[in-house]
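Student: I would like to learn how to read a structure of this kind feature by feature. Could we take one idea at a time and then look at the case in front of us?

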Amino acid sequence: MQRAFRQVDVFTSVPYRGNPLAVVLDGQGLDTEEMRRFAAWTNLSETTFVLPPTVPGADYRVRIFTGGGELPFAGHPTLGTCHAWLESGGRPRDAAEIVQECDAGLIRVRRTADGLAFAAPELLRSGPVEEELAERLAETLRIGRERMLAVEWADNGPGWVVVLLTAAEEVLELRPGAIEHMVGVAGPCPEGSPYAYEVRVFAPDVEDPVTGSLHASLAQFLLRTGRAKAPYTAGQGTVLGRAGRVRITADERDVWVGGSVVTCVSGQVAL
């Protein structure tokens, strides 16, 4: 069966400089194993499948797969799927917000001057990590423990640990060993830089180009502790030859994680 398909690049306005995502715009009739197999075949960090909503208030449902399994929520798949759904003719019930259903619940997405933005989900776990884990992460990142200004749980699903260093240059210089946790490392940029923070994300066996869910939890930590003020822009992917740009804003209710999305491939896929 031929199904509508998009491959998009997220957190960039320039194709091939962000984080790619495959989107199957009609996932009806596919079972979990078929979705998992196709996601593994795309060889991208994530592939999504759009389905009719199953709960009131949602505009569509999305299932999000890595090459190895399914995720309840992820940031760049949320923005990329919403972009592809709108581009293919999707019409939200409310012109002001699009509501995405996923296994983590309902995620609100809105249009902004900087592209699409999703409301950061609530943290499942926060606060300083155990000192034993902090020391193990310092060893893994190959830096002195004293250089880590903060090591905090900032988990909105994947199990994120946030490590804050003193400067963006330190973040760019990292050459870590084998990573056992989902770790986001951030450092402030010099005054006059296009970004407020430089960010890198390490997961077991991979460094991710641009990571929406990490930026959501990182922003909640930075804003809560007064280390940053919204709005601000963070960069990610520099070491990988990417130029990810993530825009953080906040209102009385939510922290919003936004960025541009561009379509790189549009057509049909046999599934």
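Tutor: Let us begin with burial, for which the terms are these: a residue is buried under 20% relative accessible area, exposed over 50%, and partly exposed in between. Please keep in mind throughout that this is a predicted model.

Student: With those cut-offs, is Arg 142 buried or exposed?

Tutor: Arg 142 has a relative accessible area of 59%, and because exposed means over 50%, this residue counts as exposed. Arg 142 sits in the loop between α3 and β10, and its phi is near 65°, a positive value in a residue that is not glycine.

Student: Why is a positive phi worth pointing out?

Tutor: Because most residues other than glycine have a negative phi. A further case here is Asn 43, whose phi is near 60°; Asn 43 lies in the loop between α1 (32–42) and β3 (47–51), and at 69% relative accessibility it counts as exposed.

Student: Which peptide bond is cis?

Tutor: The general idea is that most peptide bonds are trans. In this model, the bond that joins Ala 230 and Pro 231 is cis, with omega about 5°, and Pro 231 belongs to the loop between α5 and β15 (232–236).

Student: Coming back to accessibility, how should I classify Gly 144 and Glu 170?

Tutor: Gly 144, at 21% relative accessibility, counts as partly exposed, whereas Glu 170, with a relative accessible area of 14%, is buried. Gly 144 is found in the loop between α3 (131–141) and β10 (150–155), while Glu 170 is part of helix α4 (residues 168–173).

Student: What does Glu 170 touch, leaving aside residues up to four places away in sequence?

Tutor: Contact here means heavy atoms within 4.5 Å, and with those sequence neighbours not counted, Glu 170 touches Arg 147 and Leu 165.

Student: How do I move from single residues to the whole chain, and how many helices and strands does the protein chain have?

Tutor: There are five helices and 18 strands in the protein chain. The radius of gyration is 18 Å, close to the 18 Å that the globule rule gives for 271 residues, so the chain is as compact as a globular protein of that length. The C-alpha trace spans about 55 × 40 × 30 Å along its principal axes, and buried residues make up 53% of the 271 residues.

Student: Where are the residues with the most contacts inside the largest nonpolar core, and which helix gives the most to it?

Tutor: A nonpolar core is a set of buried nonpolar-type residues, such as Val, Leu and Phe, joined through side-chain atoms within 4.5 Å. The largest one has 48 residues, and those with the most contacts inside it include Leu 79, Phe 118, Tyr 197, Val 199, Leu 218 and Tyr 232. Helix α5 (residues 212–224) gives the most to this core, with six residues. A second, separate core has 19 residues, among them Val 129, Leu 141, Val 163 and Val 171.

Student: And what can be said of contacts along the sequence, and of the surface?

Tutor: Of the contacts between residues at least 6 apart in sequence, 58% join residues at least 24 apart. The protein chain exposes about 11,900 Å², of which carbon and sulfur atoms supply 49%. As for charge, the mean positions of the 26 positive and 35 negative charges are 4 Å apart.

How values were computed
Residues numbered from 1 in each chain as written. Predicted model: local features only at pLDDT ≥ 70, side-chain atom pairs only at ≥ 80, totals over all residues. Heavy atoms only, no water. Helix = DSSP H or I, 4+ residues; strand = E, 2+ residues; numbered from the N terminus. Rg over C-alpha atoms; globule rule 2.2 N^0.38 Å. Buried < 20%, exposed > 50% of the residue type's maximum accessible area, 1.4 Å probe, protein only. Areas by Shrake-Rupley, 256 points an atom, 1.4 Å probe, with all protein chains shown as cover. Lys, Arg positive; Asp, Glu negative; His and termini not counted. Charge placed at Lys NZ, Arg CZ, Asp CG, Glu CD.
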